[in-house]
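Here's a quick walk through the aromatic contacts and the empty spaces in this protein. Have the 3D view open and follow along.

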Amino acid sequence: MKKPLSLMLIAAMMLCLNGCGSGIAVKESSEASQKTKEAEAEAAQATAEAALATTQAERATPSEPEIVLKYGEVNPEGNIDTRVAEKFAQYVYELSDGRIKVDIYPGAVLGDERTSLNSLKSGNGLLDLYRANTNALTGYGFRKLNLFGLPYIFQDREGMWNVLESEDLGRAFLSEGQEIGANMVGLFYTDEGARNIFTTEPITGLADIKNKRIRVPESVLMMDTISALGAQPIPMRYEDLYNALANGDVEGAENPIPAYLSNRFYEVAPYYLLSNHVFSPGIVMMSERKWNTLSKEDQDILRQAGQMASEWNKTEIVAEEGRLKTELIDRGVTVIPMSPEEEAEARKVEEIVRVSFTPGLEQWLYRIIELQK
């Protein structure tokens, strides 16, 4: 009896061990399976997130932009106006998520000012955007924007920007090109600084420019401005100026400090008179024909980018002028300041120019003066 009982006990123990071992194995297998599933889920999620990031990146920076715009600038690379153009292009690209690209063509490679403005007016597609001086718009039917190019119309930079940023003047005048049928859309203003006179021969003050042949842009307003100061205005393409100064075809010209330096005019005309006779802002114009091909959303992007570029310009030009005034001296330029008496005399003789270009615009002229008080 004992032996069969012991055999039964042994058998029972074996069954127990087998049963317990199976339970442990099943539990371990279940835990391993769960970990595998979790790892697979995490990998799948990471793959999905990577795919989403790639898609978003592709949308943000498409390989080819949908719209490419050509922007002309007469000044070379490095000039403040060219750098403003580059900032504008950057902002347009960012705001449009890369759909719109602005290509900058400095150094008048797409044509001088007259050629460029004619291109915008005709909508011939040679260029889509161009930064013009407001005093160069007289030959295209503009009148209100011409006010900004009048001699001594602005007291200083702060006064100019007060006017340009006013809703009823500066911002409202941006649409004048459309209103008068010039087929140009104004986007934003730029600031290169006041225009000053420089000469090839030594001068000591404003009186010394009388009867000198001074190059001016091909603008009736600028011709009259220089003529009122007693000099002989010579309208000429900007691209021809350096050689004309070097060859003696003209005895001087006028430009803001950034343009004077970046175009190396100091090499042939090292006498720089701080006449500040015109504080004319630049204005970036767009072909109305091209403008009308854009959606309202894209038009708003260009305007917003223009405002951002204008704000950058307003801050940057202050530091730029400070640095460049030092560079004038370093490059051997003789800088001649004007006395208060000379400036008062210059403002007085320029009054005839302001009067002749403002018939019918007196209300706007008074408003410009009022905004600067």
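## Aromatic contacts and empty space

Start with Phe-198: at 0% relative accessible area, this residue is buried. Keep in mind that the model is predicted. Tyr-260 is buried too, with a relative accessible area of 0%. These two rings make a tilted aromatic pair, with 4.8 Å from centre to centre and 50 degrees between the planes. Phe-198 sits in strand β5 (residues 195-199) and Tyr-260 in helix α9 (residues 257-262), so the contact ties together parts that are 62 residues apart in sequence. Both belong to one aromatic cluster, along with Tyr-238, Phe-265, Tyr-266 and Tyr-272.

The aromatic pairs number 12. Another one joins Phe-173 and Trp-364: the ring centres are 5.3 Å apart and the planes meet at 80 degrees, which is over the 60-degree cut-off, so this pair counts as edge-to-face. It links distant parts of the chain, with Phe-173 in helix α5 (residues 167-173) and Trp-364 in helix α14 (residues 362-371), 191 residues apart. Is each partner buried or partly exposed? Phe-173 is buried, at 1% relative accessible area, while Trp-364 has 22% relative accessibility and counts as partly exposed.

There's also a charge over a ring to look at: Lys-314 lies over the face of Trp-161, 5.4 Å from the ring centre.

Now for the empty space. The largest pocket holds about 370 Å³. It is lined by 27 residues, and Glu-113, Ala-136, Arg-215, Pro-217 and Glu-218 are the closest to its centre. Two elements, α3 (113-122) and β3 (129-133), each give two or more residues to that lining, and α3 gives the most, with four.

The second largest pocket has a volume of about 290 Å³. Of its 19 lining residues, Asp-156, Ala-194, Asn-196, Asn-276 and Phe-279 are the closest to the centre. Here β9 (271-278), α11 (296-330) and α12 (340-349) each supply two or more residues, and the largest share, four residues, comes from β9.

There is one cavity of 30 Å³ or more, with a volume of about 30 Å³. Its lining includes Asp-81, Arg-131, Glu-192 and Arg-195.

Here is how the linings break down by class:

| Space | Nonpolar | Polar | Charged |
|---|---|---|---|
| Largest pocket | 10 residues | seven residues | 10 residues |
| Second largest pocket | eight residues | five residues | six residues |
| Largest cavity | one residue | four residues | four residues |

Terms used. Residues are numbered from 1 along each chain as its sequence is written. This is a predicted model: local features need pLDDT of at least 70, side-chain atom pairs count only at pLDDT 80 or more; totals for chains, interfaces and linings use all residues. Side-chain values use heavy atoms; hydrogens and water are left out. On a 1 Å grid over the protein atoms alone, a cavity is a set of points where a 1.4 Å probe fits but cannot get out, and a pocket is an open set with protein on both sides within 12 Å along at least five of seven lines; lining residues have an atom within 4 Å of a point. Grid points are joined across faces, edges and corners, and a volume is the space filled by probe spheres set on the points. Ala, Val, Leu, Ile, Met, Phe, Trp, Tyr, Cys and Pro count as nonpolar, Asp, Glu, Lys and Arg as charged, and the others, Gly among them, as polar. Rings of Phe, Tyr and Trp (its six-membered ring) pair if their centres lie within 6.5 Å; planes under 30 degrees apart count as stacked, over 60 as edge-to-face and the rest as tilted. Buried means under 20% relative accessible area, exposed over 50%, partly exposed in between (1.4 Å probe, protein chains only). A charge sits over a ring if NZ of Lys or CZ of Arg is within 6 Å of the ring centre and within 35 degrees of the ring normal.
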